[in-house]
Amino acid sequence: MIDTVAWVRIEHGRILCARPRGKDVFYIPGGKREAGESDLQTLVREISEELTVALLPDTVAHVGVYEAVHCQMRVRMSCYTGDYRGVLTASSEIEALAWFGYADRALVPPVDRLLFDELRANGLLR
């Protein structure tokens, strides 16, 4: 089981996705926790490392937990929204940032697609 946290940032009906260096797939920004970290601590650290912005912890809210198989591994993704301070910029570990609509669903892994489906059903992703 790969246990991750992810930041759901939606603007104008599109969700922020990132493609790590050396990968050909886009993901919802976030990552795996380090020993002893809470979801919030992991989320704040990962988003700072990947996107060079500071999440505002008091604004972080749980969206849901999604599970799917990707590359023969079960992936659990706990998703959160939240406001941030700074300018979204790809760090050295991120090759590209993109704003995806529902039509881009095929470009993300299976667990991310579950989030896309729910956001679309709730009228948040166009």
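Is cysteine 79 buried or exposed? At 0% relative accessibility, cysteine 79 counts as buried, where buried means under 20% relative accessible area, exposed over 50% and partly exposed in between, with a 1.4 Å probe and protein chains only. This is a predicted model, in which local features need pLDDT of at least 70 and side-chain atom pairs count only at pLDDT 80 or more, while totals for chains, interfaces and linings use all residues. Residues are numbered from 1 along each chain as its sequence is written, and side-chain values use heavy atoms, with hydrogens and water left out.

**Nonpolar cores**
- The largest nonpolar core (a set of buried Ala, Val, Leu, Ile, Met, Phe, Trp, Tyr and Cys residues joined through side-chain atoms within 4.5 Å) has 20 residues, of which Ile15, Cys17, Ile28, Met77, Phe100, Leu115 and Phe116 touch the most other members.
- Two or more residues of this core come from each of strand 3 (14–20), strand 6 (61–70), strand 7 (73–81), strand 9 (94–100) and helix 2 (110–121), these being DSSP runs numbered from the N terminus (helices H or I, at least four residues; strands E, at least two).
- Helix 2 supplies the largest share of this core, four residues.
- Another core, of nine residues, lies apart from it and includes Ile47, Val53, Leu55 and Tyr80.

**Cysteines**
- Counting as a disulfide any pair of cysteine sulfur atoms within 2.5 Å, the total is zero.
- Cysteine 71 is in no disulfide, and the nearest cysteine sulfur, that of cysteine 17, is 17 Å away; at 63% relative accessibility, cysteine 71 counts as exposed.
- The sulfur of cysteine 79 is too far for a bond, because the closest cysteine sulfur, in cysteine 17, is 11 Å from it.
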